[in-house]
Amino acid sequence: NPNSPVAPYIIVNHLMSLPFEQLGDLCDMLAGPAVNAYHYRQLKEMLGSMAATREGSRLPDFLIPTASGEYIHFDSIQKDSTYVLLLLGATWCAGSQSWEQTINGTIKNYKDIQLVSTLIDKDERQWDSPLMKTLAISHIPFVILIDPQGRTLARDVRVWELDRVLKQFKVPYKK
């Protein structure tokens, strides 16, 4: 029922399993009390973040936390001739650490690519990182492939498909 105040909550719960266009269509169908619900506002915010980070879109500038606790702007690491693999993880996440090792092993065969690994937080109880909201990320580890112009080529790349994805987007291979 598109008028139900719980309708946006249901869509939010299925957020990552539905295509972006379908999410927008479902959100546009909501009416009445549903558009006044908290989850409707949350859904609209998530859809805005997802639109800004969709494949083919230029990523907005955002702050990346460094290991030393400082922050740097994404635009300052993006170079015109380099692809970027952005790995978002956490110190408490064993998967993040093993993914970083696997990614480094894979990208050593490619040129003009750099891995930027960042921690969303250091405490698993603090899951609402601003970076996760900015990039519309719901889980970690999470990898985004970004082209030299700062456009998202692929989101949520899995380490076991990384080599295929890099070849698909013609990232230069070392000879």
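## Strand β3 and a few spots around it

At 49% relative accessibility, valine 6 comes out as partly exposed, because that label covers the range between under 20% (buried) and over 50% (exposed). Keep in mind that this is a predicted model. Along the chain, valine 6 sits in the segment before α1, the helix spanning 7-13. Val6 also has company: together with Tyr9 and Ile10, Val6 makes up a nonpolar patch on the surface. The three residues share about 280 Å² of accessible area.

Now for the strand in the heading. How many residues of strand β3 are buried? Seven of the seven, covering residues 83-89, so the strand is largely enclosed by the rest of the structure. Look at which way the residues point and you find two sets: Tyr83, Leu85, Leu87 and Gly89 go one way from β3, while Val84, Leu86 and Leu88 go the other way. Both sets are buried.

What does β3 pair with? One partner is strand β4, residues 113-119, which runs parallel to β3 and is joined to it over seven bridges. Within this pairing, tyrosine 83 is opposite isoleucine 113 of β4. To get from β3 to β4, the chain passes through helix α5 (residues 94-107), and this β-α-β crossover is right-handed. Another partner is strand β5, residues 142-146, which is antiparallel to β3 and linked to it by five bridges. Here leucine 85 of β3 faces leucine 145 in β5.

Just to have the two pairings handy:

| Partner of β3 | Sense | Bridges |
|---|---|---|
| β4 (residues 113-119) | parallel | seven |
| β5 (residues 142-146) | antiparallel | five |

Next, a loop. Aspartate 147 is located between β5 and β6 (152-155). Is aspartate 147 buried or exposed? Its relative accessibility is 4%, so aspartate 147 counts as buried. A polar atom of the aspartate 147 side chain lies 2.9 Å from the backbone nitrogen of glutamine 149. That distance falls within the 3.5 Å cut-off used for a polar contact.

Last stop: threonine 53, a residue of helix α3 (residues 38-53). With a relative accessible area of 1%, threonine 53 is buried. If you follow the chain for 17 residues from threonine 53, you arrive at glutamate 70, and the C-alpha atoms of the two are separated by 23 Å.

Notes: Residues numbered from 1 in each chain as written. Predicted model: local features only at pLDDT ≥ 70, side-chain atom pairs only at ≥ 80, totals over all residues. Heavy atoms only, no water. Patch = residues over 30% accessible without salt bridge, like charges linked within 9 Å, V, L, I, M, F, W, Y side chains within 5 Å. Areas by Shrake-Rupley, 256 points an atom, 1.4 Å probe, with all protein chains shown as cover. Salt bridge = Lys/Arg side-chain N within 4 Å of Asp/Glu carboxyl O. Helix = DSSP H or I, 4+ residues; strand = E, 2+ residues; numbered from the N terminus. Buried < 20%, exposed > 50% of the residue type's maximum accessible area, 1.4 Å probe, protein only. Pairing = 2+ DSSP bridges. Right-handed = clockwise from strand over helix to strand, strands pointing away. Polar contact = N/O pair within 3.5 Å; in protein donor to acceptor, adjacent residues only side chain to side chain.
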